[in-house]
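Please look through the structure shown here and follow the questions below, which take up one topic after another.

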Amino acid sequence: MRANPDQRNKRYPSWGCVLDNPGVPGVPGSTPGKVRTMKLTVIGGTGLIGSQVVQKLTAAGHEAVPAAPSTGVDVITGKGLDQALEGAVVEINLANSPTFDEASLDFFGTSMNNLLAAGERAGVRHQVILSIVGVDQVPELDYYRAKTLQEDLLRHGPTPYSIVRATQFFEFMNTLVSETSDDTTVRLPATRLQPIAAADVAAAVVEVSTGAPLQGIRNVAGPDVFPLDELGRVTLAAQQDKRTVITDDQAGMFAGVASDVLTPGPDAHLAPTHYQDWIQTAG
Ligand SMILES: NC(=O)c1ccc[n+]([C@@H]2O[C@H](COP(=O)([O-])OP(=O)(O)OC[C@H]3O[C@@H](n4cnc5c(N)ncnc54)[C@H](OP(=O)(O)O)[C@@H]3O)[C@@H](O)[C@H]2O)c1
């Protein structure tokens, strides 16, 4: 594991802080440099990232409305969307597809189109989505093509927008490890990752969502780069799991993915939480 040298001077100054926002143009009470309160609808607001975004926005004094099937909102059928977006200034889309296969293209395509149309009806002034660093460089993965489609629809949509691209979440590592494991071994490629804590992703989403639309991308990543096989060893050791990690560039979801595609360039905003600290407390 090592810190990415290009990014050492790009430490993010204020994770989780929404005090110094530049304001959303045209939004009453949106004064640069001051906390303003506004309504933000969080699609997928019951999920891993969504629930933390709702919590952080609420703690900062905003009206954050979680929207998901369990709150009566479905982004595929459109059910409940208009009510959830009523009076919202910002729509944050953190919904996830139930599968990572080809069906995810329909999920992200249909949901993005429905959310853009509903946002326009409601007068939303800022659409935010959470995507993946390097997403458009991995067309061989259905899920990554689906997220690229989601980005393209947003970019060509009618509403000012921001795309937050995060690297793989710390919380996703167990899924990656278990996907290619048996009783004694775990097979993983040496693809380089720069994973990030979900809590840090949520803070980045909050910061972007409460500021002016970027009309572009913000890349966010954790502080350290690991080859995935090494990340597997760190994870198993922290969990007192005696299985052996075998380096296999054809194993798992990232089989054959070029080594540097999933790590960000020097423009990335780096989060503070180190995987090796986090994994000790995550168990
Ligand atoms: N995993 C990674 O490493 C990674 C990296 C970068 C970006 N991302 C992106 O981060 C985003 C959030 O991921 P996550 O892990 O927080 O997802 P998650 O925990 O699986 O949560 C997904 C959310 O979407 C909601 N949802 C599912 N189907 C829906 C529907 N038809 N209508 C409305 N809401 C629906 C779920 O509601 P219920 O709880 O009611 O099912 C839940 O609130 C995803 O878009 C993903 O692509 C992930």
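**The ligand shell and its surroundings**

Q: How many nonpolar, polar and charged residues does the shell around the ligand have?
A: In this predicted model, 24 residues surround the ligand, and Gly44, Gly47, Leu48, Ala68 and Asn96 are the closest. Sorted by class, the shell has 14 nonpolar, eight polar and two charged residues.

Q: Which helix and which strand each supply at least two residues of the shell around the ligand?
A: The shell consists of 24 residues around the ligand. At least two of these residues are supplied by each of two elements, namely helix H1 (48–59) and strand E5 (126–132).

Q: Are the axes of H1 and H6 parallel, perpendicular or oblique to each other?
A: The two axes come within 9 Å and cross at roughly 55°. Angles under 35 degrees would count as roughly parallel and those from 65 to 115 as roughly perpendicular, and the crossing angle of roughly 55° fits neither range. H1 and H6 are therefore oblique.

Q: Which class do eleven residues of the contact of H1 with H6 belong to?
A: On the side of H1 the contact includes Leu48, Ile49 and Val53, while on the side of H6 it includes Ala198, Val201 and Val205. One residue of the contact is polar and one is charged, whereas eleven are nonpolar.

Q: Is glutamine 215 buried or exposed?
A: Glutamine 215, which has a positive phi of about 50° although it is not a glycine, lies in the loop between helix H6 (198–209) and strand E9 (217–221). A residue counts as exposed if 12 or fewer other C-beta atoms lie within 10 Å of its own. Because glutamine 215 has 10 such atoms within 10 Å, it is exposed.

Conventions. Residues numbered from 1 in each chain as written. Predicted model: local features only at pLDDT ≥ 70, side-chain atom pairs only at ≥ 80, totals over all residues. Near = placed C-beta within 6 Å. Helix = DSSP H or I, 4+ residues; strand = E, 2+ residues; numbered from the N terminus. Nonpolar A, V, L, I, M, F, W, Y, C, P; charged D, E, K, R; others polar. Buried ≥ 20, exposed ≤ 12 C-beta atoms within 10 Å, placed from the backbone. Axes fitted to C-alpha atoms, helices over the stretch in contact; angles between N-to-C directions. Parallel < 35°, antiparallel > 145°, perpendicular 65-115°, else oblique. Contact = placed C-beta atoms within 7 Å.
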